[in-house]
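Let's walk through this model together, starting with a pair of packed helices and moving on to the aromatic rings.

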Amino acid sequence: MPKPAMGRLEKVTLREVWRSEAGDFTPWLALPENLALLGETVGMDLELEKQEKEVGPFRADLLCKNTVDGSWVLIENQIAKTDHNHLGQILTYAAGLEAVAVIWVAEHFTEEHRAALDWLNEITQDKFVFFGLEIEVWRIGESAPAPKFNIVSKPNEWSKEVQTSTSVGELTKSRRLQLKFWNAFHEYMRATSTIRCQKPGAYSWMNHSIGRSGAHLASVASLFDSSKKAFGGENRVELYLDGPEAKDWFSRLEKEKTDIEKELGTTLFWHNPADSKMSRIYVRQSANLHDESIWNQQFIWLRENLESFTKVFGPRVKEMDREDQI
């Protein structure tokens, strides 16, 4: 049997690919496909808000939104070893921009700066998170160079369940049940679907990105049955629209109601309260959250509808005119 031809991985210096940070590396990182690669590394769906964002007399490299929850994400990048100047900058920019997530990208992290990010993750509240990422570039023979991000610092137990109090034991019985449900659903989705889930929490919902700020999908496991206006439980999958353009986006989608419901193969609930900035489009089923033996059936229903909503609503939301974006 002939031996297959094999190449050899060769590491490329960053300066061979990007001559300068501001002129080459930052614009490259701002491209959607590269933000997607970075987002996959840290478990976020990132959408560029602005490059070289002004913060007083300074300029932050990239300001993004996490499209799952609309929170601000600050990215500061270097094509060199980390230094004290950039550490000071990320703290100044994060405070000025009210960012809840900070991602520091560099060629190499010194032990002191890695420890500084670890310390920040220790002392700050759960909603503030700091990541340190080293970037490498590799090629095989004459192939195009390929980037790779490696996490060197991240929030403590980044993948752990989100808690609404200092310990799970302090949660109510209902909240503990919902937290357990979402932890199990999160593991199920990781094994069966490409839909990304936010960290599990002790709530009735879990959010999912649809690729644009101002809109996201939500899975709902409620102990209240909205169809009967009574306790009993239900599942929902929703397209959630929020922000200045929510009403306009809802109206434009509603004009395609017949086509959308035909593509989904089901009748939807179109909820657009006049006294609220948000609007929702959803599908529902009655479900007993207390019966853990049928959770897997609920997981399947949620996954199938999330995937259908992503397929049908995703392109429509992304094609909204760019000037509509927040």
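The crossing of H8 and H9 is right-handed, meaning that the near helix is turned clockwise from the far one by less than a right angle. Please keep in mind that this is a predicted model, where local features need pLDDT of at least 70, side-chain atom pairs count only at pLDDT 80 or more, and totals for chains, interfaces and linings use all residues. Residues are numbered from 1 along each chain as its sequence is written, and side-chain values use heavy atoms, leaving out hydrogens and water.

Helix H8 spans residues 257-264 and helix H9 residues 295-318; they pack at an angle of about 150°, with axes 9 Å apart. The two are therefore roughly antiparallel (an angle over 145 degrees). On the H8 side, Asp-259, Ile-260, Glu-263 and Leu-264 make the contact, meeting Ser-308, Phe-309, Val-312, Phe-313 and Arg-316 of H9 (heavy atoms within 4.5 Å).

Now look at the aromatic residues: the whole structure holds 16 aromatic pairs (ring centres within 6.5 Å). In one of them, the rings of Trp-18 and Trp-28 have centres 4.8 Å apart and planes at 55°, so the pair is tilted (planes neither under 30 degrees apart nor over 60). Both Trp-18 and Trp-28 are buried (under 20% relative accessible area, with a 1.4 Å probe and protein chains only).

Back in H9, Phe-309 and Phe-313 form a tilted pair too, with ring centres 5.2 Å apart and planes at 55°. These residues lie 4 apart in the helix, so about one helical turn separates them. Phe-309 is buried at 1% relative accessibility, and Phe-313 is buried at 0%.

Conventions: Axes fitted to C-alpha atoms, helices over the stretch in contact; angles between N-to-C directions. Parallel < 35°, antiparallel > 145°, perpendicular 65-115°, else oblique. Phe/Tyr/Trp six-rings, centres within 6.5 Å; stacked < 30°, edge-to-face > 60°. Buried < 20%, exposed > 50% of the residue type's maximum accessible area, 1.4 Å probe, protein only.
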